[in-house]
Amino acid sequence: MTLISSMSVGCESTKDTNERLHPEKVVANILGMEKFPDQSQINHFLQVMDEESIKQLRQIHHEIFIKHSNNLSYNEEIVVDFD
């Protein structure tokens, strides 16, 4: 959610998160976090990602998508694109 939120507020790199996203405590609270991580925490997260971590994130994404999807009866794959 942090990475998606950072894109939605216009962060072009992780260094932008300290100014644009990290101070947004109300938004973080809405997403169930005390606060958004700062640049160093995000960079650490990205550096420790490996193939297994990516598989786990895909599974989490899928579970969240199914839980909140209005198209549960739709049998074909649905692509959600974040620009």
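In which helix does Thr2 lie? Thr2 lies in helix 1, and the views below, taken from a predicted model, include this residue.

**Figure 1. Overall fold of the predicted protein.** The model is predicted and contains five helices and zero strands. Read along the sequence, the pattern is α-α-α-α-α. The protein has 83 residues, of which 14% count as buried. Its accessible surface comes to about 7,000 Å², and carbon and sulfur atoms account for 52% of that area. Of the contacts between residues at least 6 apart in sequence, 34% join residues at least 24 apart.

**Figure 2. Confidence of the prediction.** The mean pLDDT of the protein is 84, and 88% of its residues reach 70 or more. Among the elements, the lowest mean pLDDT, 84, belongs to helix 1 (residues 2-8). The highest, 91, belongs to helix 3 (residues 25-30). Where pLDDT is low, the predicted coordinates should not be read in detail.

**Figure 3. Surroundings of Thr2 in helix 1.** Thr2 is part of helix 1. Its relative accessibility is 14%, under the 20% cut-off, so Thr2 counts as buried. With neighbours within four places in sequence set aside, Thr2 is in contact with Leu21, Met33, Phe36, Pro37 and Ile42. One of these partners, Ile42, belongs to helix 4 and is shown in Figure 5.

**Figure 4. Surroundings of Thr17 in helix 2.** Thr17 has its place in helix 2. The residue is buried, with a relative accessible area of 2%. Leaving aside neighbours within four places in sequence, Thr17 is in contact with Ser6, Cys11, His22, Pro23, Asp38, Gln39 and Ile42.

**Figure 5. Ile42 in helix 4 and its contacts.** Ile42 lies in helix 4, which covers residues 39-47. Ile42 counts as buried because its relative accessibility, 4%, is under 20%. Not counting residues up to four places away in sequence, Ile42 touches Thr2, Leu3, Thr14, Thr17 and Pro37. Thr2 and Thr17, among these partners, are the subjects of Figures 3 and 4. Ile42 and Lys15 are 27 residues apart in sequence, and their C-alpha atoms are 9.4 Å apart in space.

**Figure 6. Arg20 and the backbone of Gly10.** Arg20 lies in helix 2, which covers residues 17-20. Its relative accessibility of 41% falls between 20% and 50%, so Arg20 counts as partly exposed. Beyond neighbours within four places in sequence, Arg20 is in contact with Val9, Gly10 and Cys11. The side chain of Arg20 reaches the backbone oxygen of Gly10 at 2.7 Å. These two residues, Arg20 and Gly10, are ten residues apart along the chain, and their C-alpha atoms are separated by 8.1 Å.

**Figure 7. Helix 5 and its N-terminal cap.** Helix 5 covers residues 51-68 and has 18 residues. At 1.5 Å a residue, helix 5 should span 26 Å. The C-alpha atoms at its ends are 26 Å apart, which agrees with the expected span. Asp50 caps the N-terminal end of helix 5. In this cap, a side-chain oxygen of Asp50 lies 3.3 Å from the backbone nitrogen of Glu52.

Notes: Residues are numbered from 1 along each chain as its sequence is written. This is a predicted model: local features need pLDDT of at least 70, side-chain atom pairs count only at pLDDT 80 or more; totals for chains, interfaces and linings use all residues. Side-chain values use heavy atoms; hydrogens and water are left out. Helices (H or I, at least four residues) and strands (E, at least two) are DSSP runs, numbered from the N terminus. Buried means under 20% relative accessible area, exposed over 50%, partly exposed in between (1.4 Å probe, protein chains only). Contact means heavy atoms within 4.5 Å. Accessible areas come from the Shrake-Rupley method with a 1.4 Å probe; for residues, only the protein chains shown count as cover. A polar contact is a pair of N or O atoms within 3.5 Å; within protein, one must be able to donate a hydrogen and the other to accept it, and residues adjacent in sequence count only if both atoms are side-chain atoms. The expected span of a helix is 1.5 Å times one less than its number of residues. pLDDT is the predictor's confidence in each residue, from 0 to 100.
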